[in-house]
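Q: Could you take me through the salt bridges in this protein, one at a time? I'd like to know which residues pair up and whether they are buried or exposed.

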Amino acid sequence: MLLSASPAFAAAVILPGVHVPAAQHDAANQLLAAHTFAADSLDAQKLLLATGLAHVYTTADTAALADQLYPREQQARAANKGMWADTHHSVRTPDDMARHMNSFQIVEGVVVNVTSIKGTTYLNFGADWRRDFTAAMPS
């Protein structure tokens, strides 16, 4: 599982099984820490998530653990703990996105249409993709 945390937090905290690859950051310029799973490491990850010190970042290899980790992140969000107290990390609606374009955001809404064109998948949150919010990602 990858956890995304602030560079200051990653530098200050060393947990068993955590490996911080050199200069690997996500779209929000947060340091990515790869965590290997020992029998007791899942509890440490749940603690980091529940206190808002990290957020879940899944890959194809770790998606099976998402059901165990997302509820902890959701608890921290609901309680405005850690990073979730900062409005930079607020959950956005598609209507909020006009002023947050080309940045890393967490958007919650109903996907109306999904289209894949030339290696890019588009998630359309409105009927008119030209005016409504659309998220794009490599297919």
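A: Let's start with the term itself: a salt bridge is a side-chain nitrogen of Lys or Arg within 4 Å of a carboxyl oxygen of Asp or Glu. The general idea is that side chains of opposite charge can pair when their charged atoms come close.

Before we zoom in, a word on the model. It is predicted, so local features need pLDDT of at least 70 and side-chain atom pairs count only at pLDDT 80 or more, while totals for chains, interfaces and linings use all residues. Residues are numbered from 1 along each chain as its sequence is written, and side-chain values use heavy atoms, with hydrogens and water left out.

Searching the whole structure turns up two salt bridges. Take Asp128 and Arg131: their closest N and O atoms sit 3.1 Å apart. To say how covered they are, we use relative accessible area: buried is under 20%, exposed is over 50%, and partly exposed is in between (1.4 Å probe, protein chains only). Asp128 comes out at 22%, so it counts as partly exposed. Its partner Arg131 has 71%, which makes Arg131 exposed.

Now for the other pair, Arg77 and Glu73, where the closest N and O atoms are 2.4 Å apart. Both residues belong to helix α3 (residues 66–78), and they are four residues apart, about one turn of the helix. Helices here are DSSP runs of H or I with at least four residues, strands are runs of E with at least two, and both are numbered from the N terminus. Arg77 is partly exposed at 21% relative accessible area, whereas Glu73 is buried at 2%.

How does that helix fit into the whole? The protein has three helices and nine strands, and from the N terminus on the order is β-α-β-β-α-β-α-β-β-β-β-β. Of its 139 residues, 31% count as buried.

For a polar pairing of another kind, look at Gln105, in the loop between β5 (91–92) and β6 (106–107). Gln105 is buried, with a relative accessible area of 15%. The side chains of Gln105 and Arg92 make a polar contact of 2.8 Å. That term means a pair of N or O atoms within 3.5 Å; within protein, one must be able to donate a hydrogen and the other to accept it, and residues adjacent in sequence count only if both atoms are side-chain atoms.
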